[in-house]
Each structure stands twice: as structure tokens, then as C-alpha cells.
Amino acid sequence: MTRTYFKLAPLALCISAAPALAQSDAERLDQLEQQVSSLQQQLTSAAADRVRLNGFFSTGYATASNDAGFAGINDESEVQDLSLMALQGTFSLSDDTQAIMQLVSRGEEDWDTELEWAYLSHQATNSLQLRAGKMRLPFFMYSDSLELGYAQPWARPPQAVYGPVTVTSYVGADATYTFNLSGSSINTQLFSGFTDESSATSGNEVEFRNTVGINTEWTDYVWKVRAVAATAEVSVDSRLLGQLFGQNSFTLADGERGNFYGLGFGYDNGTWQVVSEVTRIDVDGPFYDTDSAYLTVGRRFDNVMPYATIGWLESKDDDERAGPLSSVLDRSRDEYSLGVRWDVLSGVAVKFDYTHARGFGDEPGSNMNAGSIFAENIDSTNVYTVKIDSAF
């Protein structure tokens, strides 16, 4: 009897322990599945934290009282001329290093997508930022948001100042140092690189070589003052002048020294917004030297801000040109704009703008439709614009 008991005891223990072992295995499997799921969520969350996407969109319609071509607008303008879509991606490679890319599709270019920005940014210290790649030329106060209409008070940047420089990007590097003061800061940016672009508006092939510049901006977050100076070896081939002389293109500058100077001023206390910029372009050879300026004053009433802008543009070396060169390159005009910005939703603004430009009859410049201006003896134009700008 005793011998039989010892034989059956291990079997009984195994039978009694089987449910417990099966339950333990199921629990371990559940724990493993939870751990795997948690790891997957952490990996997904970490990947999402390293990528940030945003973008902007604009559309609208503009028409003019004649075919003068102010800002590329005439009496047959289409909706797609003011339409664009952009997507910007910021990819964090580390806590201090990011890769930034911006793709832009413009209606006036048949929605072909272009890589507008592509650069690496590294925060070397709390005060020093280094960047390299394709970036925006930092000539103006609104250079970084040149096509981001939602960040601007106007339906379009004042053409007197923003129109003469038809290239917008460069490939190179910059270094920005921030001096933090009591209640204010100073950003100083050194930049260098080259540009090789074709301008859709002027039809010019423009090349900036060995570009070197500096801009400095002081702000106490209400007031802002900015100064910029840059120099480059400039080459410009004009298709418009080439057609005039029966050639494919006409060389206006071939490695000539070109300089750009700008002063900017801004004030924004949440109710009043005042912006002004003064610029000078100085290029050796027949290419035009230009002085220009504008002043904008806006007043916010809740989500509506009416604004007024006056602008002025004049070439300063007209006596150095004659004949067809003078008729196409000399430029002079005054601009007056009245507009309203209405923030209808968070991230969406509707803008209405009326601009009157005049005084260009004898000196339209290559950015306007010189042929129609001379043929129809046009000396002024009215441009009406309705535009929707959004950012997301």
C-alpha cells in the first residue's frame, strides 16, 4: 500500500499543478504583450516627437484697371495667380539639431512643387545658432515669411521695396548670435553663399556669387529696429531685353559688384501696428541702382485691422543708360494702398486691398508691362485684391 502511494504521489502533484502552470504561462504572455505594446507606443511617440509638420495656403483674386502689370496683375488675372500651398517639415535629429524642409506649389507655375528651404540647424549654445543649406535671403523684415501671407498684415508685401529683388533664396550658411539684454534682445546674423535662380516675374536669370552679409535686429517685443548690408558678385541675363534686341537674352551684369542696404522699423503693441523699410540696391554697370521705401500703419479692432500703406521707388542712375535700356530699366513710381485684414477663424485671414500706383509712365522698369504702358500711354493703375491666407 505504502509503495503504491509513493508511485502515485508525483503524478497527483503534476495533475494538481497543471492548472497553476497554465495560468502562470497565460499571465506571462499577457505581461509580454503589454510590454511589447508599451514599447511600440513609446517608439511611435518618440518618432512623432521628432517630426513636426505645418504649412500654409493662400488663394484669392486680383484684377487691375489696365494692363500695366503692377505686381504681375492686369485686367485678365486669374485665381491661380494668387494661389499657393506649402508644407514644412521639421525633423529633430537630436535635442540641438534639426533638419528643416519646405515644399511650395504655386498656381502661377502650374502647381509644380519646388524645394524652397532645405537646411540643417544646430543650436551650438543657448545664444549661437548655426545653419547650412538652402535658405531665404534675409534682406527684408518679412523675408522668412515672404510667402506666408497669414504672417503679414497686407494682401501682398509692398512692391516698392519687395519687388526689385526677384530672387528669394540662397545656398550657403549663416550664424546667428543672440544677445539677451534686460527686457530686450539683439540678434546678429552673418550669412554667406550663392544664388542661381530664374525669376518668373521679370524673366531674368540671376546669379549671386560670393554673397556675404550681416543683419542686426534689436527688439523689446513691441519696438523693432533692423539693419542689413550685403554684397555679392552679380550676373543678370534678361530675356525681356534679349527679345528687344533680337537675342535669346541680354547680359545686364556679368560678375559685377552689387550691394544691398536696408533699414527697417516696426512697432506692434497689439492695437497699433506700424512697419517701415528703406532699401538701396547698388550694382555696377547698366543694371539699375534703386532707392525705395514704404510705411504701413494698421489699427486692430478685435479681429479686424484696416491698414494704409504708402510706397516709393526710384532708380538713381538713369543718366548712365539710353535708348531701349533706359526705357526698360529706368523706374519710378508712387504706391498707395488701403486694405483690411479680417481674422475670421484661428489660422485663417481674409484680406481686401486697393492699391493705386502712378508716376511710372516714362520709367516703368522691367517688373511692369513696359510694352503696354508705352503703347497705351499708361501712367497709373488701380489694383483690387481679395485674398485668403491660412496657416496650419
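## Cavities in the predicted model

A cavity is a set of grid points where a 1.4 Å probe fits but cannot get out. The structure examined here is a predicted model. Rolling a probe the size of a water molecule over the atoms shows where empty space is left. In this model, five cavities of 30 Å³ or more are counted. The largest cavity has a volume of about 280 Å³. The second largest has a volume of about 120 Å³.

## The largest cavity

How many residues line the largest cavity, and which are closest to its centre? The lining has 23 residues, and Val165, Phe208, Val234, Ile281 and Val283 are the closest to the centre. Four strands each give two or more residues to this lining: β8 (204-219), β9, β10 (250-268) and β11 (272-283). Strand β9 gives the most, with five residues.

The chemistry of this lining can be split by residue class. There are 15 nonpolar residues and eight polar ones. No charged residue lines the largest cavity.

## The second largest cavity

The second largest cavity is lined by 14 residues. Closest to its centre are Arg156, Pro158, Gln159, Ser337 and Thr355. Strands β13 (304-315), β14 (332-345) and β15 (348-358) each supply at least two lining residues. The largest share comes from β13, with four residues.

How does this lining divide into nonpolar, polar and charged residues? Six are nonpolar, five are polar and three are charged. The lining of the largest cavity, by contrast, has no charged residues.

## A nonpolar patch on the surface

The surface carries a nonpolar patch of about 630 Å². Seven side chains are named in it: Tyr177, Phe179, Leu181, Trp218, Trp223, Val225 and Phe265. Two strands, β6 (169-181) and β9 (223-238), each supply at least two of the patch residues. The largest share, three residues, comes from β6.

Val225 is one of the patch residues, and it is found in strand β9. Is Val225 buried, exposed or partly exposed? Val225 counts as partly exposed because its relative accessibility is 43%. The partly exposed class runs between the limits of 20% and 50%. Patch residues need over 30% relative accessible area.

## Strand β9 in both settings

Strand β9 appears in two of the settings described above. On the surface, β9 supplies at least two residues of the nonpolar patch. Inside, β9 gives five residues to the lining of the largest cavity.

Note on methods: Residues numbered from 1 in each chain as written. Predicted model: local features only at pLDDT ≥ 70, side-chain atom pairs only at ≥ 80, totals over all residues. Heavy atoms only, no water. Patch = residues over 30% accessible without salt bridge, like charges linked within 9 Å, V, L, I, M, F, W, Y side chains within 5 Å. Areas by Shrake-Rupley, 256 points an atom, 1.4 Å probe, with all protein chains shown as cover. Salt bridge = Lys/Arg side-chain N within 4 Å of Asp/Glu carboxyl O. Buried < 20%, exposed > 50% of the residue type's maximum accessible area, 1.4 Å probe, protein only. 1 Å grid on protein atoms, 1.4 Å probe; cavity = no way out; pocket = protein on both sides within 12 Å on 5 of 7 lines; lining within 4 Å. Points joined across faces, edges and corners; volume = space filled by probe spheres on them. Nonpolar A, V, L, I, M, F, W, Y, C, P; charged D, E, K, R; others polar.
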